[in-house]
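Me: I have a new structure to read. Can you take me through it, feature by feature?

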Amino acid sequence: MNPIQAGSFLTLHYRLSGPDGADIVNTFDDKPATLSIGAGQLSPAIEARLIGLPEGAHERFTLAPGEAFGDRNPELLQRVKLTLLRQLGDPDETYHVGDVVQFPGPDGQGGYAGVVRELGDEALLFDFNHPLAGQPVSFEVQVIGVL
């Protein structure tokens, strides 16, 4: 049996759940996922737990708060002026607390998302931390194939 190593191409089922136990991603009821270790599709902490597992392995593990997606960074809470939001997106958009807003990357390539945390008359407070930053997560994996 091939053990998982850096650069391995995997076929697997996996479940990622947050601290409340609710599934964030769950492939067990659908098609398995395919991914490559080291390509950034899973967090490095999760990939490290997969290294060495053989085909057929079925494991569950919990990652400590911040281990999977980093600690919460207070500098990633930022106010964005409504005038800028209107320039970048729909000028008639109405925002609500909890909305996820996509922002273009500085080079025009890719982008990033922020969650509205507070509404203001001239600006909104956005949280650009990963939603699971600073939280424990549970991960279950069933390794189907390793190439």
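Me: Let me start with Tyr 112. Is Tyr 112 buried, partly exposed or exposed?
Reply: This is a predicted model, so read every value as computed from it. Buried means under 20% relative accessible area, and exposed means over 50%. Tyr 112 has a relative accessible area of 40%, so Tyr 112 is partly exposed.

Me: And how does Phe 128 count?
Reply: Phe 128 counts as buried, because its relative accessibility is 17%.

Me: How do I read a pair of aromatic rings?
Reply: Use two values: the distance of the centres and the angle of the planes. Tyr 112 and Phe 128 form such a pair. Their centres are 5.6 Å apart, with 65 degrees between the planes, and the pair is edge-to-face.

Me: Which parts of the chain does the pair of Tyr 112 and Phe 128 tie together?
Reply: Tyr 112 lies in strand β7, residues 111–118. Phe 128 lies in the loop between β8 and β9. The pair therefore ties together parts that are 16 residues apart in sequence.

Me: Which residues form one aromatic cluster with Tyr 112 and Phe 128?
Reply: Phe 103 and Phe 126 join them in one cluster.

Me: How many aromatic pairs are there by this rule?
Reply: The count is seven. One of them joins Tyr 14 and Phe 139. Their ring centres are 5.5 Å apart and their planes stand at 25 degrees, so this pair is stacked. Tyr 14 lies in strand β1 and Phe 139 in strand β9, so the pair ties together parts 125 residues apart in sequence. Both Tyr 14 and Phe 139 are buried.

Me: What else does Phe 139 touch, beyond its neighbours within four places in sequence?
Reply: Its contacts include Leu 16, Leu 42, Ile 46, Leu 50, Phe 61 and Leu 63. Arg 15, Glu 59 and Arg 60 are also among them.

Me: Which residues have the most contacts inside the largest nonpolar core?
Reply: They are Ile 4, Leu 10, Leu 50, Leu 63 and Phe 139, in a core of 23 residues. The elements giving two or more residues to this core are β1 (9–17), β3 (33–36), α1 (44–50), β4 (58–63) and β9 (137–146). The largest share, five residues, comes from β9. Another core lies apart from it, with ten residues, among them Val 80, Leu 82, Tyr 95 and Leu 124.

Me: Now sheets. What holds the strands of a sheet together?
Reply: Strands pair through backbone hydrogen bonds, either parallel or antiparallel. Here, an open sheet of four strands has the order β5-β8-β7-β6, with antiparallel pairing. β5 (77–81) and β6 (100–104) stand at the edges, each with a single partner strand. One side of each is therefore left without a neighbour in the sheet. On average, neighbouring strands of this sheet are turned by 45 degrees against each other, direction ignored.

Me: How many bridges pair β5 with β8?
Reply: Five bridges, in the antiparallel sense, and β8 covers residues 123–127. Leu 77, in strand β5, stands opposite Asp 127 in β8. Leu 77 and Asp 127 are 50 residues apart in sequence, yet 4.5 Å apart in space, C-alpha to C-alpha. Leu 77 is partly exposed, with a relative accessible area of 36%.

Me: What do β1 and β2 form?
Reply: They form a hairpin with five residues between them. Gly 21 in the turn has a positive phi of about 85 degrees. Three bridges join β1 to β2 (residues 23–26), and the two run antiparallel. Leu 16 has Val 25 in β2 as its bridge partner.

Me: Where is Thr 27?
Reply: Thr 27 sits in the loop between β2 and β3. Its relative accessible area is 11%, so Thr 27 is buried. Not counting residues up to four places away in sequence, Thr 27 touches Leu 12, His 13, Tyr 14 and Ala 33. Phe 28 lies in the loop between β2 and β3 too. Phe 28 touches residues including Tyr 14, His 58 and Val 141.

Me: Which feature does UniProt place at residues 7–80?
Reply: The unreviewed UniProt entry places "domain: PPIase FKBP-type" there. Over residues 7–80 the chain is 9% helix and 36% strand. The end C-alpha atoms of that stretch are 40 Å apart.

Methods. Residues are numbered from 1 along each chain as its sequence is written. This is a predicted model: local features need pLDDT of at least 70, side-chain atom pairs count only at pLDDT 80 or more; totals for chains, interfaces and linings use all residues. Side-chain values use heavy atoms; hydrogens and water are left out. UniProt positions are given in the numbering used here, feature names are shortened, and annotations may be inferred rather than shown by experiment. Two strands pair if DSSP finds at least two bridges between them. Axes are lines fitted to C-alpha atoms, for helices over the stretch in contact, and angles run from 0 to 180 degrees between N-to-C directions. A nonpolar core is a set of buried Ala, Val, Leu, Ile, Met, Phe, Trp, Tyr and Cys residues joined through side-chain atoms within 4.5 Å. Buried means under 20% relative accessible area, exposed over 50%, partly exposed in between (1.4 Å probe, protein chains only). Contact means heavy atoms within 4.5 Å. Rings of Phe, Tyr and Trp (its six-membered ring) pair if their centres lie within 6.5 Å; planes under 30 degrees apart count as stacked, over 60 as edge-to-face and the rest as tilted.
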